Amino acid sequence: MSARRPGPARRHALRRAGLIIRIMIIGAALTLLSGCAGWGFSGSGGGKTVTLTYALWDPHEQVGYQQSINEFEKLHPDIKVDIENIPYGSYEQKITAEFITGGAPDLFWVNTPWLGTFIKDGILTDLTPLIKASHVDMTQYYPQLVAMHSRNGKVYGLPKDWDTIALYYNKAYFAKLHLAVPANLSWNADGSGSFVTFLKEATTDTSGHNALSPQFNPGKIATYALAVNNDPQGGWGNYVAEVGGKVIPYPYAPYASLTTPQMNAGMSFLAKTLTGDHVIVPGTLSGPNANGANLQQMFSQGQVAMWEEGDWNTLSVKSSVTFPVGVATLPIGPNGRVSVFNGLIDGLNAHTPYPKQAWELEQWLGSPQSQAILGRGGYVWPAIKSLDPLFLQYWRKQGIDMSAFLTEAHGQVVNFPVSPGIGDALTEIVNDLGPAWLGTEPVSTALQTAQKDANYVLRTS
Amino acid sequence: MSVATAATTLPKQQKTTAAKNTAEERRARRTAFAFLAPSLAGVLLFLVIPIIMVIGLSLVQWNMITPMKWVGLSNYVNIFEFDGFGHSLLVTAYYVILNIPLQTAFALGMAMLLNSKRAGSAVVRIICVLPYLATPVAMGVVWNWFFNPSTGIINQALSHIGITGPAWLSNVATAMPVIAFVNIWQYVGYNMLFFLAGLQAIPPTLYEASSLDGATKVQQFWRVTLPLLRPTLLFVLVTGVIGSFQVFDTVFVMTAGGPGNATNVASLNIYNTAFSGFRIGEASAMSVVLFLVILAITIAQFRYFNKRTTYEIA
Amino acid sequence: MTSVATAAPTATAAATMERTSRAGRSVRTTLFYLLLVVIALIFITPYLFSVFAAFKPLNSILSQSPWRPPTPPTLDNFKTIFSQYDFGRYLANTLIVTVILTAGQVTFSMMGAYAFARMSFPGRDSLFWLYLTTLMVPNIVTLVPLYVLFAHSHLLNTYWAIFLPYVLGVPYSVFLMRQYFMTIPKEVMEAARLDGCSESRILWRIVVPISRPIIITATLLAFVFGWNNFMWPLIVTNSNSLNVLTVGIANFNSNFGVQWNLVLAGSLVALIPMVILFAIFQKHIVSSISLSGINR
């Protein structure tokens, strides 16, 4: 093997290594800079125009919000808004990670499961002084929504929409049965009441017998009367509220209250009584952990007559069913008719580089002008009470009467629980309740496990 | 020669009294450290310091936004009681048990089969190694398609012979075996190469001598081949086990830990705890425990093989 | 006397034996080739069928059998993922960070390996043992603290974050190349030193040219690692615009999982370059097993 004889000049090893290092650093820096400049970093363009990023997750509502943003940009020529769609499954995690990194959107939707965490971690701006200075009329919104998004007198977002839970029902099926859906059904914790009777009338087996008939065959059910899932908002949350139970005893509580007699009564009514009467879709058919993943398909295929869910499902219900759809209010429990009430806000990033412009956008989205656009197009119920008829009208034209949701909003409601970590706690609770819904564990045992796990999450969040 | 002998036979640095030598030596040392500097910086910054950090982080409660809170060893208790980490370790061990023995057996079997001069063996040997470079995430997507209960080829092929295939990835009984299968498919060829090298290092005279003594093929396998393959076996098993305990990409793309918790392997649990839940303390405690588990198993493997390994041939 | 009489049946017996063993041999041969075909099919069909599917429209994938080639093949899936779903950006990102990672890792590992192999300095052996012990630490253990480090250095969500932990040289590469360098006779370097060569000249002009096999191996290993890396880029990047292929494919899969035509096309963008790499370098991959010297 030959080696070239070196010249008299010796090159220092450091210089050679240093040259390589320098070339690489320059190369890397160039690629990095070229990567930064044009690609996907929000921020100001040239001159005085400010570009804000606004994050949301629902692609249907995004259409309505884009219309509202277009109006906003006309009124504020120096502010541009980029809407960023982040899928719901990773939404909270992404916003948190981006906040840690320093690149979170200026405004972003906030759902109540993580509202408490975001407030506690200082991710949301306290809007109280801005509201005062801009004279925003807070009385135009549903008072429960303002209360939901306040803590210790500080308001963290202008309410922009609301939702309640009601029963979508298959009009064709009930017409075939010559059964009218009564407006005021009631139930008692012992399983008596007009609600259970009605459910039995509405459950039919493959031979056409309903559950009141002695020939009813529970092994061959063609259509269940009702679908309720293992969910604190769209499912059991309403029933436990109607009997006086609470997931957490008060907002921002660091522990849960799942082992109360009321929680037991409400949960047993569904998981034991109604399941045992074969009038609701059993947990095994509903989805993993009885989470209701299969219920929409079952409803559209006529295997369940009434599907209990929140009004945000209306668009997908309409597009997936071939029969006319009606909406009935929830039944009346021992404490009355109570629906879980929820609403989103647009959180203002506490570290936004453009607080003034972000506040302008927040104000706009909380204003009657913007919320009218969303309501008129049937995207969401506006949080401004006076604008609700717009949403109602839109859906009436589409053939679905949404007034049941509105009736409940004007009646008794219980706010979706708020506390740091409540989102994760509710996930644990739902997982731990699965066996009760599947019939493999008594309700009280499942609630005790859920309480233990929820307490841990709430305590350490 | 082994790493140990290599390290100990290198000469130690000598100090000389001549001034010229000292200056040269100093220059030589500076050069050496200059050569070493980048990788040393990398090792210190990205390996040593993080290892020290993770132990410290495992003793606090922290979400990266609000201040840290000292909690001592309670994270180590909580990850088992509340975060299902014990279950994750069990599930991961189940995966390793499904994966490694089968994969090693197949690799050895294929090596013996393909250690042949017949036409086509060389081509098939190469084909077997093709999956080794495959991007696990991309391959997981392909296997998702293969194992799809309605549109996937596996169930379609089964239906042709009258069997209704299960929902492979939604069924608790089949989800983990499928993940193990995917991993076996990807790495069996690569491990086969190690066994091939080991097989080819065995002198044919040993086989000749033993068959003259009347040994059958089976006896030759157990008495000649296997003992001489033990170093290779040790390497394949140790690296396989260490790698398998950290399985992530395939599970993330194919099952995301489901159905239920059936495939919620340790690294997935750590990922979710740290980067979805932002519970840095608990995730760090999980990392430390996982490390100790892997270390214990590796030491056990070495001990087992050290008692039985034959290095010398004559 | 009886030799002719006994010779004949012996001959027949021998002929029968040979015939049966020949028959046995051909049975074995058939079995062998059958196994060969089965094995080859097992390893090729996933690639083959996904290539077929990536060139079919979705309804063809759902209606036809997967082993039917696309008739006619369509480029629409690839057009869609590159124009509508940012796969071009993902590909570019992956190339950039992988090339930087590979160049740095090989260069700096080689320098470290040379120092450990053929230069003498105090603490050399202890430092090498340090490198070796870090090999025992599983990757996952350093993930969380590395993330915290990068977060505090404000390096998250940048190209730097993706390649930095791997670009300064890694112990495995150092170990691999050091073992190889130690097989180069010491006399070669000492002769060059006596001639007045600097160490870096020895490394670049003498050692590197004769170490091409191991350097190619190390380069391949680094490139494949960088290309296939998933968990680390997943956690350090937030913006879509910084996604590498693995992260892009995983996101795409979770959002569009049932659109097999697009999802498989996306996977192929990552898989095909690796197949090409394998085809070019398979000799090196196979021979690198003996280079790592695990039998010693």
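These legends walk through close-ups of the domain contacts in chains A and B of a predicted model. Numbering starts at 1 along each chain as its sequence is written, with chains lettered from A and ligands numbered from 1 in the order in which they are written. As the model is predicted, local features need pLDDT (the predictor's confidence in each residue, from 0 to 100) of at least 70, side-chain atom pairs count only at pLDDT 80 or more, and totals for chains, interfaces and linings use all residues.

**View 1. The two domains of chain A.** Domain 1 of chain A takes in 50–159 + 344–382, and domain 2 covers 165–341 + 411–459 (bounds from an automatic or database domain assignment). Their C-alpha centres sit 31 Å apart.

**View 2. Where domain 1 of chain A meets domain 2 of chain A.** Here 13 residues of domain 1 touch 14 of domain 2 (contact: C-beta atoms, placed from the backbone, within 7 Å). On the domain 1 side, helix 4 (112–120) and helix 6 (143–148) each chip in at least two residues, and helix 4 gives the largest share, with 7. Helices here are DSSP runs (H or I, at least four residues) and strands are too (E, at least two), numbered from the N terminus.

**View 3. The domain pair in chain B.** Domain 1 of chain B spans 14–70 and domain 2 spans 84–306, with 35 Å between their C-alpha centres. The contact draws 9 residues from domain 1 and 8 from domain 2. On the domain 1 side, helix 2 (19–57) and strand 1 (60–61) give two or more residues each; helix 2 gives the most, 3 residues.

Methods
Two residues are in contact if their C-beta atoms, placed from the backbone, lie within 7 Å.
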